[in-house]
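I am keeping short notes as I go through this model. Each entry says what I looked up and what I found.

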Amino acid sequence: MLENSFFKIANEAPVMMWVADPNQNFIFFNSSWLDFRGETLEDEKAGNWVENIHCKDVTRVNRQFEKNFKNQKPYKLEYRLKRHDGTYRWILENGTPRFNKDDAFSGFIGSCVDIHEIKELEKRKEKFITAASHELRTPLTTLNVYLHLIDDYFKQNQLPDFGQYANGAIRQLNKVNNLIEQLLDLNKIQSGALSYEFREISFGVLASAIIDRMRILHPSRNILLKGKSEAVISCDPEKLSQAIENILNNSLKFSEEDTDILIMIKEDGKNVFLDVKDFGIGIAKEYLPKIFDRFYRIPGTKEETYPGLGMGLYLSQKIIKKHNGRINVESVENEYTKFSIQIPLI
């Protein structure tokens, strides 16, 4: 009786919905689903809809459904499903396990939303960012050459004051170049096109090179290194260096000039660990779960005075996960923030 009442209500819902029993049999599709598909309830219950998932998505969808059905865990996935007019549309599906009053598993319920226009807009945005970034590279490269020539001229003619201006301009130009690289990497990650070239390297050597480079770029900051590691890891040195530098830049940005940046390295025979700790403004507890989200910036007047697009930590997390590693953060507001990286050894 209760299930029949739910079916009546679900048929009035503006989103597509379905219900599966504990044996993975689909027992219900609401009116919005049937209108989208242009099929009868009997055909959909017989599995006709599965045959109309895009060929590039069907294996992934089936694998996800089987896994979460077995584990009785919620899931979210995107896939292309054929509409009644024969066109494939991107669908966002949320699956949630059902349990009866005795807490016995009774199947799944799913809700689906057509997100095709959103996906198309994302594609256009990615193309625009890629095109704009490449267009900016040429004049920025030329500008970089001219600034270095000007800097050399000031040095040769012993004009240190003017040389400082040139160095400041070069640093700002490097920031713009880094933002462009982050935008391009973000696009590649979203499309799954960011390539990695793994090779074996000493983590200690990699970390030392990064720290030396950061000390040169930030001569006024006290960047301390404690611990060491001779461990060898398999990584893409350029990508992993970028991830660690993003974290270091974050610590430098959100701490005062007269405070230390503490870097600690250790290993346990299975993993190598790198901690980056600053003694700056910290992060309030409620913001910590979102700190690695794409484009996320902590709200508040104080934090808004710091530049950035909220991409660095997101990219770092994605890169570290690609290395089968982990990254965590802990912080106390107005006291410290510590990022901890773990990378498996070979």
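**Entry 1: one arginine**

Is Arg-37 buried or exposed? I am working on a predicted model. I looked up the relative accessible area of Arg-37 and got 3%. Under 20% counts as buried, so Arg-37 is buried. I placed Arg-37 in helix α2, which spans residues 31–37. Next I listed its contacts, leaving out residues up to four places away in sequence. Arg-37 touches Glu-44, Asn-48, Trp-49 and Asn-52. It also touches Leu-81, Lys-82, Arg-83 and His-84.

**Entry 2: the open sheet**

I traced the strand order next. An open sheet of 5 strands runs β2-β1-β5-β4-β3, with antiparallel pairing. Which strands are at the edges? They are β2 (26–29) and β3 (75–82), each pairing on one side only. From one strand to the next, I read an average twist of 25°.

I then checked the pairing of β4 (residues 88–99) with β5 (residues 105–114). These two run antiparallel and are joined by 9 bridges. On that pair I noted Arg-98, which stands opposite Gly-107 in β5.

**Entry 3: helices on the sheet**

Helix α4 (residues 58–71) packs on the sheet. I find it touching β1 (16–20), β2, β3 and β5. Its direction makes about 145° with that of β3. Helix α5 (residues 116–156) lies across β3, β4 and β5. Against β4, α5 runs at about 125°.

**Entry 4: the two sides of α4**

I looked at α4 by itself. It has 14 residues and reaches 20 Å from first C-alpha to last, close to the 20 Å expected. Which residues of α4 are buried? I get Val-58, Val-61, Phe-65, Asn-68 and Phe-69. They cover an arc of only 115° around the axis, so they sit on the same side of α4. That buried set packs against β1, β2, β3 and β5. On the other side of α4, I find Arg-63, Lys-67 and Lys-70 exposed. After the helix comes Gln-72, with a positive phi near 60°.

**Entry 5: the two sides of α7**

I repeated the check on helix α7 (residues 203–217). Its 15 residues reach 21 Å from first C-alpha to last, close to the 21 Å expected. The buried residues are Phe-203, Gly-204, Leu-206, Ala-207, Ile-210, Ile-211 and Met-214. Why do I put them on the same side of α7? Because they cover an arc of only 160° around the axis. What covers them includes the strands β6 (199–202), β7 (222–226) and β8 (232–235). It also includes α8 (237–253), β9 (260–267) and β10 (271–278). The face turned away from the buried side carries Val-205 and Ile-216, both exposed.

**Entry 6: nonpolar cores**

Last, I looked up the cores. In soluble globular proteins, nonpolar side chains tend to be buried together. The largest nonpolar core here has 45 residues. Which residues have the most contacts inside it? They are Ile-233 and Leu-274. I followed Leu-274, setting aside neighbours within four places in sequence. Its contacts include Phe-203 and Ala-207, two of the buried residues of α7. Among the others are Ile-244, Ile-263, Phe-339 and Ile-341.

Apart from this core lies another, of 22 residues. Its members include Trp-49, Ile-53, Ile-91 and Cys-112. I had met Trp-49 before, as one of the contacts of Arg-37.

Note on methods
Residues are numbered from 1 along each chain as its sequence is written. This is a predicted model: local features need pLDDT of at least 70, side-chain atom pairs count only at pLDDT 80 or more; totals for chains, interfaces and linings use all residues. Side-chain values use heavy atoms; hydrogens and water are left out. Helices (H or I, at least four residues) and strands (E, at least two) are DSSP runs, numbered from the N terminus. Buried means under 20% relative accessible area, exposed over 50%, partly exposed in between (1.4 Å probe, protein chains only). Contact means heavy atoms within 4.5 Å. The expected span of a helix is 1.5 Å times one less than its number of residues. The arc is that of the directions from the helix axis to the C-beta atoms. Two strands pair if DSSP finds at least two bridges between them. Axes are lines fitted to C-alpha atoms, for helices over the stretch in contact, and angles run from 0 to 180 degrees between N-to-C directions. A nonpolar core is a set of buried Ala, Val, Leu, Ile, Met, Phe, Trp, Tyr and Cys residues joined through side-chain atoms within 4.5 Å.
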